[in-house]
Amino acid sequence: MEIGMIGLGRMGSGMTVRLIHRGHRVLVYDISREVVESTAQSGAVGTDSIADLTGKLARPRCVWVMVPAGDATERAINDLAQELSSGDIVIDGGNSYYKDTVRRAAALSQKGVSMLDAGVSGGIWGLKEGYCLMVGGDIGAFRHLEPIFQTLAPSPEHGYGHVGPSGAGHFVKMVHNGIEYGLMQAYAEGFELMQAKSEFNLDLHQIAEIWRYGSVIRSWLLELTVAALKDDPALEGILSYVEDSGEGRWTVEESIELGIPLPVITQALQMRFRSRQEQPFGAKLLAALRQQFGGHTVRKNE
């Protein structure tokens, strides 16, 4: 099967290589000419523009967009809309906000172009392990491209599926990432507690390795914990500054709209905000208030 790929960042490049290795013809375009040329060395067909890419694809054309959510995705899909025609299919494999996806799909449908939203999970390990794919959109378009999803998934039977109408794929991926926030925060808190129990001199890497086998909390995230602690047991080379991709925020916002409590995911998101602050003002005010009402001592900034 033939497919066009727009966007060759870390995830997009890995997906392209996996498709090529499994016998698909892939045409690629990226704003970085160097990235296109590098990917072409793996067997892809490089192109100079979106128009060049779509012009070289056999009809009906399928183009997978793998660029950052927001303005970059908006521009890419708008540019594609000028080149595609009835019967063609666009896949947005980025982390787009699902409401934007619903709007874009409706606009493309006016031209007879189908759009699938594919929530993708797998990160830098996806090339080796396969990618989990949560796909929303027209079921007919999904069936037509199912061989592509089966190629990218961990196996032809597992790790991918059509989850609902347009927007559903990105919605499910949004919730997936929110859950990920909570799981990571739980591991972080547990290991911090063990690290603080200094009199036991616990080997955190050893404990994580033990938990990988038979424990009810074993997981791929725990395997990654083992890898991180093996390389740097005290994590001395890492700052306690944690970014968020935006999907955790969207998950919490959705919980407010629907009135569904998400205390763990919400707190995990808040902890990421806290991790970026040095001497947070709120903590200083807490100390000041204790001094004001009870005369408690405070530590002065020398």
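Helix axes are taken here as lines fitted to C-alpha atoms over the stretch in contact, with angles running from 0 to 180 degrees between N-to-C directions. The structure described below is a predicted model.

The protein chain contains 14 helices and eight strands. Its C-alpha atoms fill a box of roughly 75 × 40 × 35 Å along the principal axes. Of the 302 residues, 41% count as buried. Among contacts with a separation of 6 or more, 63% join residues 24 or more positions apart.

Two packing partners of helix 9 (residues 168–196) were examined, namely helix 12 (residues 247–258) and helix 11 (residues 220–231). Two packed helices are described by the angle between their axes and the distance between the axes. For helix 9 and helix 12, the angle is about 105° and the axes lie 8 Å apart. Because angles of 65 to 115 degrees count as roughly perpendicular, helix 9 and helix 12 are assigned to that category. Helix 9 contributes H170, F171, K173, M174, V175, N177, G178 and Y181 to the contact, while helix 12 contributes E247, G248, W250, T251 and E254. By class, this contact comprises five nonpolar, five polar and three charged residues.

The axes of helix 9 and helix 11 come within 11 Å and cross at roughly 45°. This angle makes helix 9 oblique to helix 11, and the crossing is right-handed. On the helix 9 side the contact involves L183, M184, Y187 and F191; on the helix 11 side it involves L221, L222, T225 and L229. Seven of these residues are nonpolar and one is polar, with no charged residues in the contact of helix 9 with helix 11.

Pairing between strands was examined next. Strand 1 (residues 2–6) is mostly covered, with four of its five residues buried. Strand 1 pairs with strand 2 (residues 25–29) in the parallel sense over five bridges, and M5 stands opposite V28 of strand 2.

Strand 7 (residues 132–137) is largely enclosed by the rest of the structure, because five of its six residues are buried. Strand 7 pairs with strand 6 (residues 114–121) in the antiparallel sense over six bridges, and with strand 8 (residues 160–164) in the parallel sense over four bridges. V135 of strand 7 takes part in both pairings: V135 is the bridge partner of A118, and H162 in strand 8 is the bridge partner of V135.

Residues of this strand region also meet F149, which lies in helix 8 (residues 146–152). The relative accessibility of F149 is 0%, so this residue counts as buried. Beyond residues up to four places away in sequence, F149 touches W64, I91, L116, L133, V135, F142 and Y160. The C-alpha atoms of F149 and A118 are separated by 9.4 Å, with the two positions 31 residues apart along the chain counted as their spacing.

A further buried position is T73, which lies in helix 4 (residues 71–83). T73 has a relative accessibility of 0% and is therefore classed as buried. When neighbours within four places in sequence are left aside, T73 is in contact with V67, P68, D92, S96 and R104.

Definitions and conventions:
Residues numbered from 1 in each chain as written. Predicted model: local features only at pLDDT ≥ 70, side-chain atom pairs only at ≥ 80, totals over all residues. Heavy atoms only, no water. Parallel < 35°, antiparallel > 145°, perpendicular 65-115°, else oblique. Left-handed = near helix turned anticlockwise from the far one by under 90°. Contact = heavy atoms within 4.5 Å. Nonpolar A, V, L, I, M, F, W, Y, C, P; charged D, E, K, R; others polar. Buried < 20%, exposed > 50% of the residue type's maximum accessible area, 1.4 Å probe, protein only. Pairing = 2+ DSSP bridges.
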